[in-house]
Amino acid sequence: MQTTVTAGTTPVKNKTTTKPVYKSPKAESAKVQPGTIQASPQEKSANNNTPIVPKSNVTLPEGVPQGYKPIRQTLNERNISNERIGFDNDGYVTIDGNKVIKPQYNIDGTTYADEATINQLTQDAYQRNGTPLVATRDYATSKGYSDIVDWDGTNPTIGGVATPATYITDNGVSYIPQSEADRLINDYKLKNEIDGNRAVVEDVEKKYGSAEEAALDKIINRDAFKYSPENDVVFNSYKNQYQRSADEALRKILNGNNTSIEGASGAVMSDAMAARDAELGKINDVIPELYQDAYNRYIQEDSLRRNDLDAVRLLANDYYNRRYAANRDQINDTNEAMASERQEKQRIFDNERTLKQQQFENDIYTNQEKRNQEMHNVELATRNESLKKLIFDDGISTALARGFFTESDEAWFPELSRYRKGDGTYSLHPAQAEADYNRIIGQTNYDVQNYAIKNYGFR
C-alpha cells in the first residue's frame, strides 16, 4: 500500500496593529520597554489571499506516517546542497560533518523525519552557514516595521517586494534568511524615507535623553535633608540681631549705674552679663521654627525638580507621538500605494491569462472539430488501442504546447479530474503524463497495465 502526501492550506488570522507608547529609559525601570510582538503572526494580504504551505507530492513507503518527508530531498528543496548533507556509520544525519539527528525512519537508504524536525535541521544548516533564518513578520516587527509584511498568494513580501520563503510552518509562519530581511527592510526605509518605531525612539532619546537624565539625577542623587543653624543665613541674621540686643542690654545696665565694663563693680557686672545672656538665649527659641522653614523649602524644591522632570517627559512624549503619527501615516500611505500597484499588476496578469486561455480554447475548439471528425471515422472503423492512442496524442500535444492542462482536457482525458486542484489548475504535468503513457504502451505486464488504467484511465 502507498500513501500520497498532498498540498494543504492553513487558516490565516487577521492582522492587528497596536500603537506603541514611548517609555523613557529613565522612567521607573530606567529602560525603554520594547513593544510586544504578536506570537506566530500569519502572512496575509488585504485581498485575503491565504498562504498555502508548500508540501512536496511525495509517495511515502508503507510504514512511514503521513506528514513525514524525505530529509535529503526536502533540504535540497530548501537550497541546502547535497555536499553539506551526510549520513554517518552510527545512523545520524550530518550537516557539514556534524551530527544533528538520528532519523525516525530509514527505508532502503532514504531517511524520513517529521516537519518540525526537518524545520529544525533547516535552521541548523543555515545557522552553520552564517545566514540564520528569521520569522518574516516577527523580525520586521522587532525592527519597528510591523506593517510592511504581506503575502502575495505565493510568497511573503516586505515593503511590497516578494521574497521566496525558505519554508513555511504548518500554521503559516514563513522563514527567510535574516540577511534578505535586512536588505528588504533597508531598501524600504531608503526608498520611502521611513524610520521604524525603534528609530523613532532613538531619535527621542537623542533629543531629550540628556535633559531627562539631568533632571532625574537632581532628584535621585539629591542629598538627604540636613539643617545646620550656622549655615542658615536667616539664623545668622537673627543671631546678629539678638547679639545687638544683648550688647544693648549690657550697656543699658552699665549706663544706668554710671559705669563701664572696666569700672563696674562685681554686682553690677553680674547683672549686666545676666541681661546680656538672657537676650542671647532668645536665639535658641527660633531654631525649631527655622528648621521647619528650611525643611519646607527642601520639600518645595523637590517638588519643583519633579515638575521639571515631568515637563521634559511631556515634551519627549509629545515629540514621540508626533513623529510616530507622521511615520505611521507615511507607512500607511506607502502600503496603500503598494497594494494598489499589486492589484493593478494582478489585474493585468489575470487579463493576459484570460486572453491566452481564450486563445487556447479557441485553438482547441478549432482543432477539436477536426479531431472529432477524425475520431468519429476511426471509431467507426475500430474501437481499439489505436483510437485511444490517437485521442491521447492529440490532446497531449496541445497540452504540451500550452504547458499545462485545462478543464477542457478532461473531455479526452477523463482521469485528469483526479489531479484538479482547488484553484482549477492540475498537479499533473502533460510531460509526465506523456512519459508514463509511452513507458506503459506496448508492455504486457498485467500489473503495469492495471496501474495505467487506475491512474490514467488507459484501456
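These legends walk you through four close-up views of a predicted model.

**View 1. A small stop at the open sheet of β6, β7 and β8.** Three strands make up this open sheet, lined up in the order β6-β7-β8 with antiparallel pairing. At the edges sit β6 (85-87) and β8 (98-101), each of which pairs on one side only. Direction ignored, neighbouring strands of the sheet are turned against each other by 45 degrees on average.

**View 2. Where β6 meets β7.** Here β6 and strand β7 (residues 93-95) pair in the antiparallel sense, over three bridges. To find your bearings, look for Ile85, which stands opposite Ile95 in β7. Ile85 turns up again in the next view, as one of the residues with the most contacts inside the largest nonpolar core.

**View 3. Helix α2 and the largest nonpolar core.** Helix α2 (residues 115-128) lies across β7 and β8, and runs at about 155 degrees to β8. The largest nonpolar core has 17 residues, and those with the most contacts inside it are Ile71, Leu75, Ile80, Ile85, Ile101 and Tyr175. At least two residues of this core come from each of α1 (71-77), β7, α2 and β11 (133-135). The largest share belongs to α2, with four residues.

**View 4. Tyr175 and its contacts, with a second core elsewhere.** Leaving aside residues up to four places away in sequence, Tyr175 touches Gln123, Leu133, Val134, Ala135, Thr136, Ala165, Thr166, Tyr167 and Thr169. A second, separate core holds 13 residues, including Phe392, Trp412, Phe413 and Leu428.

How values were computed: Residues numbered from 1 in each chain as written. Predicted model: local features only at pLDDT ≥ 70, side-chain atom pairs only at ≥ 80, totals over all residues. Heavy atoms only, no water. Pairing = 2+ DSSP bridges. Axes fitted to C-alpha atoms, helices over the stretch in contact; angles between N-to-C directions. Contact = heavy atoms within 4.5 Å. Core = buried A, V, L, I, M, F, W, Y, C linked by side-chain atoms within 4.5 Å. Buried < 20%, exposed > 50% of the residue type's maximum accessible area, 1.4 Å probe, protein only.
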